[in-house]
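This briefing is meant for someone meeting the structure for the first time. Please look over the sequence and the model, and then read the points below, which are grouped by topic.

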Amino acid sequence: MDADSAYEIITSFEFIFVLHLVKEIVEITDLLCQALQRQSQDVCNALKLVASTKELLQIMKDERWDGFLSLVKSFCQDRDIDIPDLSSAYFSRGARARKEHSDHTLEHHYRVDIFYEAINCRLMELNHRFNDSSMELLQLSATLNPKSVNEPFRSGDVCRLVEKFYPEDFSEQEELLLKLQLQHYEIDVVKHANYKLLTSISELCQWLIKTGRVANFHLIYRVASLILTLPVSTATTERSFSAMNLIKTRLRNKMEDEFLNDSLILYFERELAETISLETIVQDFKNAKDRRVPL
């Protein structure tokens, strides 16, 4: 009986309609979803994909209803699936509902209640996750990305980023000093030959430390460090929560935040941690403080 009911549902016009709708929406959003899942996130290209995904969804809503409906009907005809009269009145499921008068047709139900509603939900989700403020934050943050080396360096965007999104992290005097540092940064760093070999803001921070330039550009380094805290990639966020569940178990539920943070860093950077020997750690503790009992 259950098998018969399931077969009746999956061979109904409404099921086929919804199935094709999901397929169409997934095909439009798939490229963006894959980009957001990458561990190494390219902010500039991610923003372009957000804009193009929104536009494609809007085009589907405004222009593709007739073509989509024809596709669903053709699919049903090829497989002998009954196609209802879309001009007939629509009644919600249930005996009581059928006794009530309805001003809506079946076409209105499929077009407005399902087709438009599904697309609007996806657009609302994208607008909520990537609203104007978030988009501006990401666009300004991309200025320090070494991948933008072929574009003119926009020092004003870095200043606007600090003024609008990180006012509590920089004093007025530091904001003035940041503008001066950016002038030297454009000549000493952006035009450096090795700068073109960098592929991310993370590598930029490492390079600034390695070359000793972090002393001269400590405020720019601070801006870059703040940018790195942005969870642009959903994969990064998911891995963080997954790691937290592994580290802070039921037996460790009283773990303090500082110890939890240290444990998470070791978990994320376990490849680097494996290169550090226990003897080195013991020696560092030994050198850090005089002890009555030698380690």
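Leu138 has its place in helix 7, and it is a useful starting point for reading this model, which is predicted. With a relative accessibility of 10%, Leu138 falls under the 20% limit and therefore counts as buried. Although Leu138 and Ile227 are separated by 89 residues in sequence, their C-alpha atoms are 8.8 Å apart in space.

**The protein overall**

- The secondary structure of the protein consists of 15 helices, and the number of strands is zero.
- Of the 295 residues that make up the protein, 32% count as buried.
- Among contacts in the protein with a separation of 6 or more, 65% are made by residues that stand 24 or more positions apart.
- The accessible surface of the protein is about 20,000 Å², and carbon and sulfur atoms account for 53% of that surface.

**The nonpolar cores**

- The largest nonpolar core has 33 residues, and within it Phe13, Phe17, Leu21, Tyr110 and Phe115 are the residues that touch the most other members.
- Two or more residues of this core are given by each of helix 2, helix 3 (43-63), helix 4, helix 6 (106-129) and helix 7 (132-141).
- A second core, separate from the largest one, has 29 residues, among them Leu137, Phe153, Tyr185 and Ile201.

**Phe17 and His20**

- When residues up to four places away in sequence are left out, Phe17 touches Trp65, Phe68, Leu69, Val72, Tyr110, Ile114 and Phe115.
- His20 is found in helix 2, which covers residues 13-37.
- Because its relative accessibility is 13%, and the limit for a buried residue is under 20%, His20 counts as buried.
- Apart from its neighbours within four places in sequence, His20 is in contact with Phe68, Leu71, Val72 and Phe75, while Phe68 and Val72 are also included in the list of residues that Phe17 touches.

**The loop residue Asp80**

- Asp80 lies in the loop that runs between helix 4 (65-78) and helix 5 (95-99).
- Asp80 has a relative accessibility of 71%, which is over the 50% limit, so this residue counts as exposed.
- The phi angle of Asp80 is positive, at about 55 degrees, although this residue is not a glycine.
- As background to that angle, most residues other than glycine have a negative phi.

Key
Residues numbered from 1 in each chain as written. Predicted model: local features only at pLDDT ≥ 70, side-chain atom pairs only at ≥ 80, totals over all residues. Heavy atoms only, no water. Helix = DSSP H or I, 4+ residues; strand = E, 2+ residues; numbered from the N terminus. Buried < 20%, exposed > 50% of the residue type's maximum accessible area, 1.4 Å probe, protein only. Contact = heavy atoms within 4.5 Å. Core = buried A, V, L, I, M, F, W, Y, C linked by side-chain atoms within 4.5 Å. Areas by Shrake-Rupley, 256 points an atom, 1.4 Å probe, with all protein chains shown as cover.
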